[in-house]
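Work through the exercises below with the sequence and the model open. Each task is followed by a solution in steps.

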Amino acid sequence: MAPKPITQNTLFYGDNLEILRDYIPDESVDLIYLDPPFNSSRNYNVLFKDESGKDSEAQITAFEDTWHWNSAAEESYNQLVTDSRLSEMIGAMITLTGKSQVGAYLVMMATRLLELHRVLKPTGSLYLHCDPTASHYLKIILDAIFDPRHYRNEIMWRRYGAHNDVGQGSKHYGRVHDIILFYTKGQNPTWHQGFTPLDPDYVKSTYRSVDPETGRRFRLTPLTGPGGAEKGNPVFEWKGHTRAWRYNKETMERLDKEGRLYYSKTGYVSKKLYLDESKGTPVQDVWNDVPALTGSNDERLGYPTQKPLALLERIIQASSNPGDVVLDPFCGCGTAIAAAERLGRRWIGIDITHLSIALQKYRLQEMFPDISFEVIGEPEDLGAAYQLAQDDRYQFQWWALSLIKARPLGGQSGSKQ
């Protein structure tokens with residue numbers, strides 16, 4: 001039986017593969033953001049550290065079994081090689097990497113990305129946040145699932161100005177950026193171009209003219225049609241100059257009446273572009289204007305891989321509309337969920353640790369006191385609580401502590417601590 005549409009903002013505790021299959025209908029999600037863990041030199045999904053900076057003995061890690069080629073990885077692999085879109089590609093990848101930790105990770109991701117493609121609407125988009133250690137593997141998987149024609153960007157997010165991984169004896173450049181892979185389900189996705197403020201030096205050097213009547217600063221842009229008459233630009237005489245123009249004669253007359261045309265000493269015409277009407281610089285594929293959360297930043301919750309709200313807000317504003325559904329299947333401390341709520345989107349969050357679900361509940365309730373949402377997967381009676389304790393004592397501990405609103409040592413609650 002197909003799952004029913006989710007009508008309320010919802011947090012799910014559990015394995016996102018099972019939840020996607022059991023709860024999320026086909027083509028029901030407008031935007032997906034995922035920041036999955038990856039097994040590099042350290043476990044990216046360690047949820048807290050002790051005050052000494054060393055990993056706590058009681059640390060909680062998610063997906064620790066996915067770094068090993070076990071029976072679950074073998075079963076997922078066998079399922080994938082029967083899929084016509086992925087069979088040759090995933091087989092070649094496992095031949096390359098072997099049945100290793102990286103191979104197990106790629107199999108885990110491929111099975112989930114297939115489900116994420118299924119639940120995405122034809123106008124939907126997916127942003128996969130990863131580091132350069134895994135991005136090239138994941139891009140090949142995404143090409144196979146989404147089609148290379150629906151690849152839009154490889155976004156470089158500059159997390160650091162400089163990084164301390166370059167030191168005495170190192171033999172590499174500083175690693176200061178993450179990768180965000182941007183794909184769409186179809187050819188006509190929801191899209192709203194974003195802008196950043198103009199650089200002050202650019203403004204000073206470019207907007208050098210001042211309108212004597214209004215005092216408004218402006219720059220000039222040519223009015224000749226690019227490509228000339230051969231490209232279909234209209235040809236006519238204007239103030240003694242015959243050219244292939246960018247606009248037709250009626251539009252030129254309107255611009256002239258509005259005072260938006262500028263004439264040189266020879267009578268050659270250009271168009272005025274006013275500084276106060278500029279939207280700014282269109283957002284490019286290198287994002288160096290959104291700093292990572294460091295020091296005593298008020299957003300910090302004690303979660304090592306937490307991303308800034310501004311980063312998620314840029315993505316959500318560009319690729320969704322108010323009221324759309326945003327899904328984060330590896331939602332961690334819930335930055336994507338919080339950004340979606342703040343921007344008036346509906347949302348679904350999934351995580352496999354009760355600590356993450358607890359952090360998200362606190363965060364949402366503190367940021368939005370009147371918020372209403374559902375949590376699915378937490379124990380609802382004594383029997384379920386006992387079963388959780390039997391299955392995973394650490395998850396039971398974090399679920400129990402969440403009942404009294406405990407949070408990790410070093411976490412914050414909206415103010416500096």
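**Exercise 1.** Which residue's side chain meets that of R260 in a salt bridge?

*Solution.* The model is predicted, so residues are numbered from 1 along each chain as its sequence is written, local features need pLDDT of at least 70, side-chain atom pairs count only at pLDDT 80 or more, and totals for chains, interfaces and linings use all residues. Side-chain values rest on heavy atoms, with hydrogens and water left out.

Step 1. A salt bridge is a side-chain nitrogen of Lys or Arg within 4 Å of a carboxyl oxygen of Asp or Glu. The partner of R260 is E258, at 3.6 Å from N to O.

Step 2. E258 is partly exposed, with 43% relative accessibility. The classes are buried (under 20% relative accessible area), exposed (over 50%) and partly exposed (in between), with a 1.4 Å probe and protein chains only.

Step 3. R260 and E258 also belong to a network of salt bridges that includes R216, R254, D276 and E277. The structure as a whole holds 19 salt bridges.

**Exercise 2.** Locate the salt bridge of D289 and R314, and state how far apart in sequence the two parts are.

*Solution.* Step 1. The side chains of D289 and R314 meet at 2.6 Å, N to O. D289 sits in the loop between strand 14 (286-287) and helix 8 (309-319), and R314 is in helix 8, so the bridge ties together parts 25 residues apart in sequence. Helices (H or I, at least four residues) and strands (E, at least two) are DSSP runs, numbered from the N terminus.

Step 2. D289 is partly exposed at 39% relative accessibility, whereas R314 is buried at 18%.

Step 3. In helix 8, 9 of the 11 residues are buried; among them are L309, L312, I315 and S319.

**Exercise 3.** Describe the surroundings of H129 and follow one of its contacts, D178, to a salt bridge.

*Solution.* Step 1. H129 lies in strand 3 (residues 120-130). Its relative accessibility is 1%, so H129 counts as buried.

Step 2. The side chains of H129 and Y33 form a polar contact of 2.9 Å. Such a contact is a pair of N or O atoms within 3.5 Å; within protein, one must be able to donate a hydrogen and the other to accept it, and residues adjacent in sequence count only if both atoms are side-chain atoms.

Step 3. Contact means heavy atoms within 4.5 Å. Leaving aside neighbours within four places in sequence, the contacts of H129 include Y33, D35, W157, D178 and L311.

Step 4. D178 makes a salt bridge with R159 (3.2 Å, N to O). D178 is in strand 5 (residues 177-184) and R159 in the loop between strand 4 (151-158) and strand 5, 19 residues apart. D178 is buried at 8% relative accessible area, and R159 is buried at 18%.

**Exercise 4.** What is the angle at which helix 4 and helix 5 pack, and which residues meet?

*Solution.* Step 1. Helix 4 (residues 101-119) and helix 5 (residues 135-146) pack at about 30 degrees, with axes 10 Å apart. Axes are lines fitted to C-alpha atoms, for helices over the stretch in contact, and angles run from 0 to 180 degrees between N-to-C directions.

Step 2. Helix 4 residues including L106, M109, L113 and H117 meet residues of helix 5, among them L138, I141, L142 and I145.
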